[in-house]
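Biologist: I'm new to reading protein models, and I'd like some help. Could we go through one together, feature by feature?

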Amino acid sequence: MPTPRPRRTPAWTPARLGVYGFLIVAALFFLLPLYVMLVTSVKPMEEIRLGTLFALPQHMTLEPWVQAWSTACTGLECGGIRSGFWNSVAIVVPSTILSIAIGAVNGYALSFWRPRGAGVLFAILMMGAFIPVQVMIYPLVRVLASVNLFSSLPGIIIIHTIFGMPVMTLLFRNYYAALPVELFKAARIDGGGFWRIFLQLMLPMSTPVIVVAVIMQVTGIWNDFLLGLVFAGSEHLPMTVQLNNIINTTTGERLYNVNMAATILTSVVPLALYFISGRWFVRGIASGAVKG
């Protein structure tokens, strides 16, 4: 007796059409501001004054981008947002490396070695992750000022490392806790110590969670405004603070095309990071990097 063929589901059902319709509307809703920013940034001011917000530019120009990068005024100086970009790079790179390194070691120690008082230490670190930043600003200002690190590049790096350490510790602890403990026991039997097991066994297995941690830290530190404004000092202001200065500095007509170009330039690094590392980010989440 021949086996009956399974009934094929129609390619386009009302439910599927509804799902696709909702996704298309949601995508348009979130992409519309980006479209307006892009279109406005390549329009001359003559077209912007006409009020045609959604219209494509009739005479496209890249002059607003050049001006936003190199000549826009950020207060008394008119050097564009370029200096803020390099300041942000100088802040993000060491802050990300230090916070991830410390968080990885903490998570490794709390997962496998469990020193005396590990539970209390982990609870204190988690409390630090949920304390509002605004509550800790004044005490940190006093502490950094007492050691001559306030309004300096090392000072803002230390601040971002401190605030990133609790979340990074939680991230790596949950990741290492999901690994087979037999690997750690076998390494201990072979005579491996704390640092040898971490550097030769755990760290090479941590690529997915490291990618997740890098994306979280880079985007969080790059997009930070408050800590950079308070702790970086006038010589090391990050790109977000410089963007605010460009938008709020007017010596006549407000240049919306320059403001939009500066905003897009400020967001290029996080967007590029997500596009380049998106696959690794999803893989890190799927492998338990943010479990628990």
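Here is how the two of them talk it through.

Modeller: Sure! Keep in mind that this is a predicted model.

Biologist: Okay. How many helices and strands does the protein have?

Modeller: Start by listing the elements in order. The protein has 13 helices and zero strands, so from the N terminus on you just read α again and again. That list doesn't tell you the overall form, though. For that, look at the radius of gyration: it is 25 Å here, well over the 19 Å that the globule rule gives for 292 residues, so the protein is more spread out than a compact globule.

Biologist: What does the C-alpha trace span along its principal axes?

Modeller: About 85 × 75 × 30 Å.

Biologist: And which domains is the protein divided into?

Modeller: A domain can be built from separate stretches of the chain. Here domain 1 takes in 32-73 + 250-291, while domain 2 covers 90-236. Their C-alpha centres lie 31 Å apart.

Biologist: What about contacts between residues far apart in sequence?

Modeller: Take contacts between residues at least 6 apart in sequence. In this protein, 71% of those join residues at least 24 apart.

Biologist: Now the surface. How many of the residues count as buried?

Modeller: Of the 292 residues, 38% do. The protein exposes about 17,300 Å², and carbon and sulfur atoms supply 69% of that.

Biologist: Let's zoom in on one residue. Is Glu 47 buried or exposed?

Modeller: The trick is to check the relative accessible area: under 20% means buried. Glu 47 comes out at 8%, so Glu 47 is buried. You'll find Glu 47 in helix 2, residues 45-48. Leaving aside neighbours within four places in sequence, Glu 47 is in contact with several residues, including Leu 56, Pro 57 and His 59.

Biologist: And how do I read a phi angle?

Modeller: Most residues other than glycine have a negative phi. Now look at Asn 148: its phi is positive, about 60 degrees, although Asn 148 is not a glycine. Ser 151 likewise has a positive phi of about 60 degrees and isn't a glycine.

Biologist: Where is Asn 148 found?

Modeller: In the loop between helix 6 (133-146) and helix 7 (153-177). Ser 151 is found in the loop between helix 6 and helix 7 too.

Biologist: How do I tell exposed from partly exposed?

Modeller: Over 50% relative accessible area is exposed, and between 20% and that is partly exposed. Asn 148 is at 70%, so Asn 148 counts as exposed. Ser 151 has 34%, so Ser 151 is partly exposed.

Definitions and conventions:
Residues numbered from 1 in each chain as written. Predicted model: local features only at pLDDT ≥ 70, side-chain atom pairs only at ≥ 80, totals over all residues. Heavy atoms only, no water. Helix = DSSP H or I, 4+ residues; strand = E, 2+ residues; numbered from the N terminus. Rg over C-alpha atoms; globule rule 2.2 N^0.38 Å. Buried < 20%, exposed > 50% of the residue type's maximum accessible area, 1.4 Å probe, protein only. Contact = heavy atoms within 4.5 Å. Areas by Shrake-Rupley, 256 points an atom, 1.4 Å probe, with all protein chains shown as cover. Domains from an automatic or database assignment.
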